Amino acid sequence: MDVSAEAFDTTLRISVTYSCFQLDYQNSVTFKTDQMEGGECGFPPEPSEPSQRGSVSSAGLRAQDVLVYLVGDSAVHLTVESVGCVNVQELGRSVREALHIPETAQEAFAFWLCSPLLELQLKPKHQPYKLCRQWQDLLYRFTEASEEDISQDEPCLQYRRNVFYPKAKELQIEDEGVLRLLYDEAKANILEGRYPCDPDQWLRLGVLSCALELGVGLDAPAATAAIRKKKLSSFLPAHVTGGGGGLLSALRGKGGRQAGLEQNLLEEYLQLASADGGAQEPTHYLRQYLSTCHSLPYYGCAFFSGDIDKPVQGILHRGGRKTVNVGISLEGVYVIDVKEKHVLLGLRFCELSWDHSYPEGEGDSHILWLEFDGEEAGTPVNKLLKIYSKQAELMSGLIEFCVELGAAAEAEAAGTDGELAPSQQAPGGAGASGRGRGGRRGKLRRQSSVVCSRVHTLSTISYVDDGKEIKRLKPKRAASFFSRQAPAPNYSAVQVGENLEQG
């Protein structure tokens, strides 16, 4: 995504915060120079132990060392002249040369400035040093973090997948180094639960990771020992293996569950080589891993954090809010339950309309509105989902930009100047704008898969448009709990029989 540090308007192309995930700083990217003076950037210095990430706060004219860490464990060491003035485009050439990335795949990656509180994909013209100096202002504007957390937060420079790189181009890449970089990032998102997937998917991905990291052809004892040495958490998602569950996980039989997972992983691993007709080159398994990830609609998304309303429950109509991740890609928008690791709502751009509203008063929130077709008691209705987030403005801008990119790509494929032929327009007459309302679209799938939407679990606003005005749909319900009239008492004497038990 493109990010403008000077003017954050609604056309910003940025991937932002996800406060629900902890970054592994051994695998994060660092922008680190020889000279660090925390006070100049507003970051407190740590004289006792230098930060492994390092805040950029001094831009001397002499050559300085710059470390750029990848999503994996490796890092690129560069010596940069005038680090305070170097931009992303110049830095990118040096990194690509160091990693031997071919010209055909250079668009697959981008520089990201990130921390546990905020993530930004940078434009080629951006200067990372200057953005670091503005970091606290960005955190105040786009996060709910406390002043203490903001004062202690330090950004890092990261080299990873470009949000605007089409998935179709990935599998055309032949360079093993590039495929492995993409694999490392995809695997990290799978293990963290950022890409929810079904058991057959995460088991398949775990087996492919075993093939890539342990090799193919080990017998059962050797494979078992290797898996135990690296631990299941190196191959399967943390929420599956029960990582971090503590005492409760132990009480629920974590050991037995892990033994079962280990056995399943081992069996699938032993079958892998025979299924492929023998051991294959690493690129074969890398492509298989990425191809499996491509079946997840939110692969390659930029993620935003937010909250949605919970459906009211009980006679006191207690509600509350639920934390969600909002993934936005070139294809659509996906609302993911952070705790349960499943999709609550997934919509392609041709299936939704959207808007962003600013706070009207103190205590109000920025809101991203998603509108889509639904059904209420057999009546076709329009449904509105409210997503509360300080990144609502950024999400709206990213959606608009992705829609524009899609329209331009379709127009180019059709050989037109921007107008689509009737057969190419999106269902419902929305075209490429994503805002139109038209014919009724098909129902969203409701299945047990974590990938499928769970619209029935959402607290949405339902209304109908009769062509003249918007009318709020009043759901059918029984009389109010407090206004129902109790029937007149009608008692009859109880006849005690001899066989009636006492007590």
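The exercises below, each with a worked solution, concern strands, a helix and salt bridges in a predicted model.

Residues are numbered from 1 along each chain as its sequence is written, and side-chain values use heavy atoms, with hydrogens and water left out. Because the model is predicted, local features need pLDDT of at least 70 and side-chain atom pairs count only at pLDDT 80 or more, while totals for chains, interfaces and linings use all residues.

**Exercise 1.** Find which strands pair with β3, and state whether the residues of β3 are buried or exposed.

Solution.
- Strand β3 covers residues 109–114; strands are DSSP runs of E with at least two residues, and helices are runs of H or I with at least four, numbered from the N terminus.
- β3 pairs with β5 (residues 156–161) in the antiparallel sense over 6 bridges; two strands pair if DSSP finds at least two bridges between them.
- β3 also pairs with β4 (residues 119–121), again antiparallel, over 3 bridges, and a hairpin of 4 residues joins β3 to β4.
- L113 has a bridge partner in each: L157 in β5 and L120 in β4.
- Of the 6 residues in β3, 6 are buried (buried is under 20% relative accessible area, exposed over 50%, partly exposed in between, with a 1.4 Å probe and protein chains only).
- F109, F111 and L113 lie on one side, and A110, W112 and C114 on the other.

**Exercise 2.** Check the span of helix α13 (residues 282–294) against its expected value.

Solution.
- The expected span is 1.5 Å times one less than the number of residues.
- For the 13 residues of α13 this gives 18 Å.
- The end C-alpha atoms are 18 Å apart, which agrees.

**Exercise 3.** Describe two salt bridges that involve helix α7 (residues 176–192).

Solution.
- A salt bridge is a side-chain nitrogen of Lys or Arg within 4 Å of a carboxyl oxygen of Asp or Glu.
- R160 and E185 form one, with the closest N and O atoms 3.9 Å apart. This pair links distant parts of the chain, as R160 is in β5 and E185 is in α7, 25 residues apart. Both R160 and E185 are buried.
- E176 and R180 form another, at 3.5 Å from N to O. They are 4 residues apart in α7, so about one helical turn separates them. E176 is partly exposed because its relative accessible area is 34%, and R180 is partly exposed at 27%.
- R160 and E185 also belong to a network of salt bridges with E119 and R194.
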